[in-house]
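Welcome, and please open the structure in your viewer. We will go from stop to stop, and at each one you will hear what to select and what is there.

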Amino acid sequence: MECQRCPASSRELATVESRKERFCNECFVKFVNTKQRKQMMKDDFFRNLFKVIYPHDKEGSVAKILLPLSLSDSGSLVMFDIVHDLLLEQMKQHNNHTGFTIDILTIFSEESLSVIKERMECLVNEKMLQLNKVKNIFNVHFIDINEFFNSTSELSNLIIDDENFEIFSKLKLVNDSDRLTLREILSKYCLNNSSRADLISIIKNQLIKHFAYENGNDAIMWGHSMTKLSEVIISLVVKGKGSQIATFLDSDSFDTLGNKACKYKNIYPMKDLLSIEIESFLQIKDLAKFLINVEETNIKPNCMITKKSTPSLGQQKLVKNMTINEITTKYFQDIQNDYSNIISTVLRTADKLAQPVSNIAKPSQCQLCQSRIYTNPSNWINRITVTSPYPIETCEEEFLFKQWQESRLGKSHTHYVELLDKIKKDPTNNHDASDNDVKLCYGCLILLNTSIKDKNLMWPKIDTMESLVNKSNDNKELNQILNQFEIHSDGEE
Ligand SMILES: [Zn+2]
Ligand SMILES: [Zn+2]
């Protein structure tokens, strides 16, 4: 079979088949490149950021773009690769000038540090040093995920009252001896993998956005494919966070962090590409070696004719062990070969959504996920739920109740009631029903109510976060790579 895009005179053998069309390697790479670049030029704002502007010495002519790179995510790596090639092209065409520079931000945890360091070193050597020899185009930053807890000076101790779903919170100053850690949150507070995955993703998002704000970036480039975006959209709906979809997809407005207006916009340059196309691109350009989960990546579904992957049954998880995100991921992976139009319909429909009209007096932000709150979730859920217990009438019921009280479940409930009482009665508790201070969005209220132990969670107050930029390069081991960078980026050799 021949490529359908090559000129008729010299048709190469087709290696990829997607959207009912056959491509050779070269034509497919071009196809993916074009899709991404089209998004990067989608309006005047982004065109001005990415293109080379003359004269070069004009202030602000070189944009600063933040590219969060996760070394376990094919999307962000492919996006990086395409951006890298674009920068290389600009250098050649514009006499060593580029329209923008890239801040690469990688968030790591203790456990993944050594392998991330190793892969990053390869990536730096193979893809970044060449460009940085001429000019400081790539800057690499690392942030320990625990900075989310280390950089904040206040915590909220949140608890849900299971009788009326009211949220109580108690403020706590943090001192160095009792810092929270991610491991502690995941093991002590979370009751299932879904809540673990949700909290990790909230933390990473907040770190990335705060970094962009402080670092003065003009845009954040997110590596979500069309498939990935559809997964997030459906997951948000399932988790009761549908009101966030419009804000999540918004690439027209400047972002806001709490009450702070940001000077950056969010962009999804890969939104026209399916994840099977991204996986195929990864294989063709031999990029999987940079990922920390190479083996897992190599068996992900792709649309290559020659190297079709077939995930072995043994590696498939049972549905009941999967997180909500994993279930939606699996759904979209299963349908994207034959029903890719469903995926684009999800995204196109979501793209048309506007932000909901708020019906609460005081604009509030969710203390957990930082999203805007449009309706008081406690009132709403209270209206549709019966929580008052049925009174004990017979001796048998009395006996069963005693038995339950003695059980592990009963004891844990007693512990919860004591905790609730303590937080409720605390004089520093800033709960004030009259000022309508809504603390959590509906989705996070449900998360806390059903997936967190004792419906109680300690969470950093994000507006007390100190500088992240200064802390980003603190790691000694990773500094070695960065130093290597600086030598080459000074241009003094
Ligand atoms: Zn071709
Ligand atoms: Zn929330």
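Start by selecting asparagine 95, which sits in the loop between helix H3 (74-93) and S4. This is a predicted model, so treat each stop as a feature of that model. Asparagine 95 has a positive phi of about 50°, although it is not a glycine. Is asparagine 95 buried or exposed? With a relative accessible area of 62%, asparagine 95 is exposed.

Now jump along the chain to lysine 455, in the loop between H17 and strand S14 (456-460). Lysine 455 is not a glycine either, and here too phi is positive, at about 50°. Its surroundings can be read from the accessibility: lysine 455 has 18% and counts as buried, because the limit for buried is under 20%.

**The sheet and its helices**

Next, colour the strands S5, S4, S3, S8 and S11. They form an open sheet of five strands in the order S5-S4-S3-S8-S11, and the pairing is parallel. Which strands stand at the edges? Look for strand S5 (138-144) and strand S11 (265-267): each has a single partner strand, so one side of each is left without a neighbour in the sheet. Turn the view and you can follow the twist, as neighbouring strands of this sheet are turned by 25° against each other on average, direction ignored.

Zoom in on strand S8 (residues 219-221), which runs parallel to S11 and is joined to S11 by three bridges. To find a matching pair of residues, select alanine 219 and then lysine 265 in S11, which stands opposite.

Two helices are worth adding to the view. Helix H4 (residues 113-132) lies across strand S4 (100-108) and S5, and runs at about 165° to S5. Then show helix H7 (residues 193-215): this helix lies across strand S3 (63-68), S4, S5, S8 and S11, running at about 145° to S4.

**Aromatic rings**

Show the side chains of the aromatic residues; the model has 14 aromatic pairs. One of them joins phenylalanine 50 and phenylalanine 100, edge-to-face, with 5.1 Å centre to centre and 85° between the planes. Phenylalanine 50 belongs to helix H2 (residues 44-50) and phenylalanine 100 to strand S4, so the pair ties together parts that are 50 residues apart in sequence. Phenylalanine 50 counts as buried at 0% relative accessibility, and phenylalanine 100 counts as buried at 0% as well.

Another edge-to-face pair is formed by tyrosine 331 and phenylalanine 332, with 5.0 Å centre to centre and 70° between the planes. Tyrosine 331 is partly exposed, with a relative accessible area of 43%, whereas phenylalanine 332 counts as buried at 1%.

Go back to phenylalanine 50 and widen the selection to Phe45, Phe46, Phe50, Phe100 and Phe254, which ring pairs link into a cluster.

From there, select tyrosine 54 and proline 55. The peptide bond between them is cis, with omega near -10°. Proline 55 lies in the loop between H2 and S3.

**The two zinc ions**

Which residues hold the zinc ion (ligand 1) as protein donors? Select Cys3, Cys6, Cys24 and Cys27, whose SG atoms lie 2.2 to 2.3 Å from the ion. The four donor atoms subtend angles of 102 to 115° around this zinc ion, which makes the arrangement tetrahedral. Along the sequence these donor residues are spaced C-x2-C-x17-C-x2-C. Cysteine 6 lies in the segment before strand S1 (16-18) and cysteine 24 in the loop between strand S2 (21-23) and helix H1 (25-40), so the pair ties together parts that are 18 residues apart in sequence. Cysteine 6 and cysteine 24 are both buried.

For the final stop, centre on the zinc ion (ligand 2). Its protein donors are the SG atoms of Cys366, Cys369, Cys441 and Cys444, lying 2.3 Å from the ion. Angles of 105 to 117° between the four donor atoms make the arrangement around the zinc ion (ligand 2) tetrahedral. The spacing of the donor residues in sequence is C-x2-C-x71-C-x2-C. Cysteine 369 is in the loop between strand S12 (364-365) and strand S13 (372-373), while cysteine 444 is in helix H17 (residues 442-451), so the pair ties together parts that are 75 residues apart in sequence. Cysteine 369 is buried, as is cysteine 444.

Key. Residues numbered from 1 in each chain as written. Chains lettered and ligands numbered in written order. Predicted model: local features only at pLDDT ≥ 70, side-chain atom pairs only at ≥ 80, totals over all residues. Heavy atoms only, no water. Donors = N, O, S within 2.8 Å, 3.2 Å for Na, K, Ca; no water. Tetrahedral: all angles 85-135°; square planar, octahedral: opposite > 155°, others 65-115°. Helix = DSSP H or I, 4+ residues; strand = E, 2+ residues; numbered from the N terminus. Buried < 20%, exposed > 50% of the residue type's maximum accessible area, 1.4 Å probe, protein only. Pairing = 2+ DSSP bridges. Axes fitted to C-alpha atoms, helices over the stretch in contact; angles between N-to-C directions. Contact = heavy atoms within 4.5 Å. Phe/Tyr/Trp six-rings, centres within 6.5 Å; stacked < 30°, edge-to-face > 60°.
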